[in-house]
Amino acid sequence: MKTDIQIAQEAVMLPITEVAKKAGIAEEDLELYGRYKAKLSDDFWDKIKDNKDGKLVLVTAINPTPAGEGKTTTTIGLGQAMVKKGKNAIIALREPSLGPCFGIKGGAAGGGYAQVVPMEDLNLHFTGDFHAITSANNLLAAMLDNHIQQGNELQIDPRQVVWKRCMDMNDRVLRNIVVGLGNKMDGMVREDHFVITVASEIMAVLCLADDLTDLKERLGRIIVAYNFAGEPVTADQLHATGAMTALLKDAIKPNLIQTLEHTPALVHGGPFANIAHGCNSVRATKMALKMSDITITEAGFGADLGAEKFLDIKCRKAGLKPDAVVLVATVRALKYNGGVAKAELGKEDLEALKKGIVNLEKHIENIQKYGVPVVVTLNSFVTDTEAENEFIRQFCEEKGCEFALSEVWEKGGEGGIALAEKVLETLETKESGFHTLYADHLPLKEKIETISREIYGAKGVIYEPAAEKQLARIEALGFGDFPICMAKNQYSLSDDASKLGRPENFDIHIREVYVSAGAGFVVALTGAIMTMPGLPKVPAANNIDVSESGKITGLF
């Protein structure tokens with residue numbers, strides 16, 4: 001079988017102007033980045049903003065395992081299948097980060113015959129959005145330290161600087177650093193930190209902003225430090241807002257590319273779901289809804305992270321209402337949750353499946369709590385057996401949700417027809433009664449405890465003393481109405497990555513809480529979650545190379 005990158009490199013792409021034409025986008029509304037990539041102009045939004053919204057379908061998954069789930073692959077394949085069914089469908093995805101691309105997870109362009117292309121461009125520098133976000137983040141950091149050096153008119157307390165530098169790479173040695181070493185002219189010595197770009201508040205701000213004006217206002221509200229009186233200091237007070245906006249003026253425009261079958265795909269923004277809010281940009285999603293009958297989007301990692309944040313943060317902030325949720329699982333991943341070693345997953349094991357399917361069960365229950373119809377799809381592997389598939393089918397139907405096999409990795413859109421038919425049937429026959437999990441007015445602790453209890457299944461929440469103080473301060477500053485963005489490992493419903501399946505009788509541990517005033521949410525860090533990942537012992541970068549002709553190999 002060919003590798004994903006071989007399939008992508010052999011694909012015959014249409015010029016992006018032709019893909020745009022299929023989506024009703026005139027060439028004058030494109031800002032071209034070569035032949036196969038483009039940004040959509042601000043003028044284009046003005047042309048379509050009064051169109052009726054199409055249906056919104058969210059694709060999410062069970063907790064990720066080393067066995068693989070294929071959420072992005074399913075999203076892309078479903079979009080291709082919808083077009084084969086004669087529907088005007090558009091896909092809305094996040095942009096990949098270089099961190100996992102060179103680390104352990106690989107890229108995020110889908111797989112097999114359900115990919116977006118150009119795959120190498122998307123997984124590497126693409127249209128420069130992440131570079132712009134990194135630059136804006138680090139400009140703010142530089143202006144903050146310069147202000148302290150040049151007299152510190154705002155009386156910033158160097159011990160209470162909360163703004164971190166960032167880069168789009170996994171680099172553990174930058175988690176905790178000391179800046180300002182040298183002589184007096186090199187700045188004040190203080191402890192500093194790096195986060196990966198996808199965890200920067202500016203990434204969240206870009207993805208939640210409606211337009212350039214909203215972006216600028218959000219950037220200005222970012223809290224960078226506290227002064228000696230304990231009052232917040234913002235980007236506006238540092239006079240950094242205009243320059244940051246200038247760096248981001250093109251990055252806020254959604255990117256248009258295509259699938260292997262030339263289905264239009266808007267790929268824009270990329271916050272991680274384990275340490276940020278995990279959804280593509282509001283602008284891209286809203287544009288897609290105005291351009292299509294059906295928009296198919298995804299949220300990062302498992303439904304306990306990506307879907308929860310999509311529903312409780314993105315939909316709340318943007319006024320979106322999902323019409324259906326597709327929940328992706330695999331036989332292999334469910335058996336892994338049932339205790340089977342990765343090397344043994346190819347063997348039929350109904351007992352392990354019965355033990356592991358509780359993970360799927362919990363995610364189904366969670367989505368149903370939001371009042372949205374659920375369709376479960378099994379991303380098919382050749383080692384799956386009829387008995388295993390039938391067991392899962394019956395389980396899902398007993399839980400009140402539709403079920404379909406997906407073979408999009410192997411067959412592209414054709415392999416997603418059964419899934420597309422189930423989704424269309426759901427859209428036509430079941431009304432979404434979408435509502436958020438908790439109300440804005442609840443205390444922050446009650447919001448954290450609601451997510452922990454209802455979504456994760458925890459019996460309680462334990463707060464570190466520092467987190468208690470931070471929560472009190474955030475509410476005193478007037479940010480108590482903000483939703484919660486939980487930073488948690490993706491592998492388990494709990495904050496302990498080793499607890500697979502459906503853990504019970506556990507507590508969630510909150511060690512740090514901070515406000516992202518520009519994005520408009522409060523981040524709660526659980527367990528040992530890191531906002532700057534590290535590389536594994538054998539990074540994916542070891543196998544990436546370029547031939548003499550310039551052909552890239554090793555990306556996946």
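**Backbone exceptions, a buried asparagine and the nonpolar cores**

At a relative accessibility of 10%, N152 counts as buried (under 20% relative accessible area, with over 50% taken as exposed and values in between as partly exposed, for a 1.4 Å probe and protein chains only). The structure is a predicted model, in which local features require pLDDT of at least 70 and side-chain atom pairs count only at pLDDT 80 or more, whereas totals for chains, interfaces and linings use all residues. Residues are numbered from 1 along each chain as its sequence is written, and side-chain values use heavy atoms, with hydrogens and water left out.

N152 adopts a positive phi of about 55 degrees although it is not a glycine. The residue is located in the loop that links α7 (129-149) to β7 (156-161); helices (H or I, at least four residues) and strands (E, at least two) are DSSP runs numbered from the N terminus. G151, just after α7, also has a positive phi, of about 115 degrees. For α7 itself, the 21 residues should span 30 Å at 1.5 Å a residue (1.5 Å times one less than the number of residues), and the end C-alpha atoms are 30 Å apart, in agreement.

A positive phi of about 55 degrees is likewise found at N505, which is not a glycine. N505 belongs to the loop between β21 (484-487) and β22 (507-516). With a relative accessible area of 60%, N505 is exposed, while N152 is buried. A further backbone feature is the cis peptide bond joining V117 and P118, with omega about 5 degrees. P118 is placed in the loop between β6 (114-117) and α6 (119-123). Most residues other than glycine have a negative phi, and most peptide bonds are trans.

Within helix α14 (residues 350-368) lies N359, which is buried at 1% relative accessibility. A polar atom of the N359 side chain is 2.9 Å from the backbone oxygen of G501. Residues up to four places away in sequence aside, N359 touches I62, N63, N337, L493 and G501 (heavy atoms within 4.5 Å).

The largest nonpolar core (a set of buried Ala, Val, Leu, Ile, Met, Phe, Trp, Tyr and Cys residues joined through side-chain atoms within 4.5 Å) contains 119 residues, of which L248, L360, I392 and I510 touch the most other members. Beyond its neighbours within four places in sequence, I392 is in contact with V331, L334, L353, I357, L360, L378 and F403. Apart from this core lies another, of 21 residues, including I7, V116, L260 and V408.

Note on methods. A polar contact is a pair of N or O atoms within 3.5 Å; within protein, one must be able to donate a hydrogen and the other to accept it, and residues adjacent in sequence count only if both atoms are side-chain atoms.
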